[in-house]
Amino acid sequence: IQAGNQHQATFTNLSPGKYTFRVKASINDGVWNENGASLRIRILPPWWRTTWAYLLWFSVFLGAVYAAYRVQLNRARLKQQFVLKNEQAEKLQEIDRLKSRFFANISHELRTPLTLIVGPLEKLSKQKLGDVIQTQVDIMQRNGRRLLQLIDQLLDFSKIEAGSMHLQASEM
């Protein structure tokens with residue numbers, strides 16, 4: 001670059017790196033200094049393009065990848081827990097249904113023979129028996145009816161759980 005009579009040189013938009021600035025000058029008589037003078041110049045990159053900045057960007061990138069991995073891992077764990085809890089709830093509901101069916105079946109099985117016992121007891125209580133025997137038959141009949149009432153309540157409970165019977169509140 002010919003500087004002419006100027007005593008300064010300006011260079012703009014130089015890329016970062018190492019440069020050597022060489023100056024050749026001549027005196028007014030036209031004799032040039034062929035060796036000239038040189039000056040080593042090092043232009044540093046902006047802070048965001050330094051090695052430390054690249055390490056920082058890389059660390060931030062790795063941190064973001066790790067955070068995304070942890071979020072996905074946590075999401076998968078929560079989904080698995082949700083599925084497991086749903087399965088457990090379904091198993092508990094199935095157990096409840098099986099218990100209700102069991103109670104209903106047992107109640108039906110108990111009700112039939114008990115009805116067959118209470119029926120003849122009613123016939124016996126209408127006959128003339130001795131006082132001691134009549135008292136015993138009345139006790140058997142009363143307890144049989146009470147047992148039938150309890151079994152009917154069990155059957156009603158299983159109907160309520162099955163949804164085929166609705167509760168109706170009333171005063172007693």
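Reader: Which residues of α1 are buried, and what makes a residue count as buried?

Author: In this predicted model, the buried residues of α1 are Ala53, Ser100, Ala104, Ser107, Leu114, Val118, Leu121 and Ser125. The word buried is kept for a relative accessible area under 20%, and the buried residues of α1 pack against α2.

Reader: Why is alanine 53 called buried?

Author: Alanine 53, which lies in helix α1, has a relative accessible area of 5%, and the limit for buried is under 20%, so alanine 53 is called buried. Leaving aside its neighbours within four places in sequence, alanine 53 is in contact with Trp47 and Trp48, where contact means heavy atoms within 4.5 Å.

Reader: How do you know that the ends of α1 are as far apart as its number of residues would suggest?

Author: The helix α1 has 76 residues, which at 1.5 Å a residue should span 112 Å, and its end C-alpha atoms lie 110 Å apart, so the two values agree. The expected value is 1.5 Å times one less than the number of residues.

Reader: What does the corresponding reckoning give for α2?

Author: For the 32 residues of α2 the expected span is 46 Å, and its end C-alpha atoms are 46 Å apart, which agrees.

Reader: Which residues of α2 are buried, and against what do they pack?

Author: The buried residues of α2 are Gln134, Val137, Gln141, Gly144, Leu148, Ile151, Leu155 and Ser158, and they pack against α1.

Reader: Why is glutamine 134 counted as buried, and what does it touch?

Author: Glutamine 134 lies in helix α2 and has a relative accessible area of 17%; the cut-off is under 20%, and glutamine 134 therefore counts as buried. Not counting residues up to four places away in sequence, glutamine 134 touches Leu124, Ser125, Gln127 and Leu129.

Reader: Why is glutamine 81 called partly exposed?

Author: The relative accessible area of glutamine 81, a residue of helix α1, is 37%. Partly exposed is the class between under 20%, for buried, and over 50%, for exposed, so with 37% glutamine 81 is partly exposed. The C-alpha atoms of glutamine 81 and proline 120 are 59 Å apart in space, with their positions 39 residues apart in sequence.

Reader: What makes leucine 39 partly exposed, and which residues does it touch?

Author: Leucine 39 is found in strand β2, residues 37-43, and its relative accessibility is 48%; since exposed requires over 50%, leucine 39 stays in the partly exposed class. Residues up to four places away in sequence being left out, leucine 39 touches Tyr19, Thr20 and Phe21. Leucine 39 and alanine 67 are 28 residues apart along the chain, and their C-alpha atoms are separated by 49 Å.

Reader: Why is asparagine 13 called exposed, and what is its phi?

Author: With a relative accessible area of 79% set against the limit of over 50%, asparagine 13 is called exposed. Its place is in the segment before β1, residues 17-23, and asparagine 13 has a positive phi of about 55° although it is not a glycine. A positive phi, of about 90°, is also taken by glycine 163, just after α2.

Reader: How does the radius of gyration of the protein compare with that of a compact globule?

Author: For 172 residues a compact globule would have a radius of gyration near 16 Å, but the protein has 51 Å. The C-alpha trace spans about 165 × 30 × 25 Å along its principal axes, and 9% of the 172 residues count as buried. The protein has 2 helices and 2 strands, which run β-β-α-α from the N terminus on.

Reader: What space lies in the second largest pocket, and which elements line it with two or more residues?

Author: The second largest pocket holds about 250 Å³ of space. Of its 13 lining residues, Arg97, Ser100, Arg101, Ser158 and Glu161 are the closest to its centre. The elements that give two or more residues to this lining are α1 (51-126) and α2 (131-162), with α1 contributing the largest share, 8 residues.

Reader: How many residues of that lining are charged?

Author: The lining of the second largest pocket divides into 6 charged, 4 nonpolar and 3 polar residues.

How values were computed: Residues are numbered from 1 along each chain as its sequence is written. This is a predicted model: local features need pLDDT of at least 70, side-chain atom pairs count only at pLDDT 80 or more; totals for chains, interfaces and linings use all residues. Side-chain values use heavy atoms; hydrogens and water are left out. On a 1 Å grid over the protein atoms alone, a cavity is a set of points where a 1.4 Å probe fits but cannot get out, and a pocket is an open set with protein on both sides within 12 Å along at least five of seven lines; lining residues have an atom within 4 Å of a point. Grid points are joined across faces, edges and corners, and a volume is the space filled by probe spheres set on the points. Helices (H or I, at least four residues) and strands (E, at least two) are DSSP runs, numbered from the N terminus. Ala, Val, Leu, Ile, Met, Phe, Trp, Tyr, Cys and Pro count as nonpolar, Asp, Glu, Lys and Arg as charged, and the others, Gly among them, as polar. Buried means under 20% relative accessible area, exposed over 50%, partly exposed in between (1.4 Å probe, protein chains only). The radius of gyration is taken over C-alpha atoms; the globule rule is 2.2 Å times the number of residues to the power 0.38.
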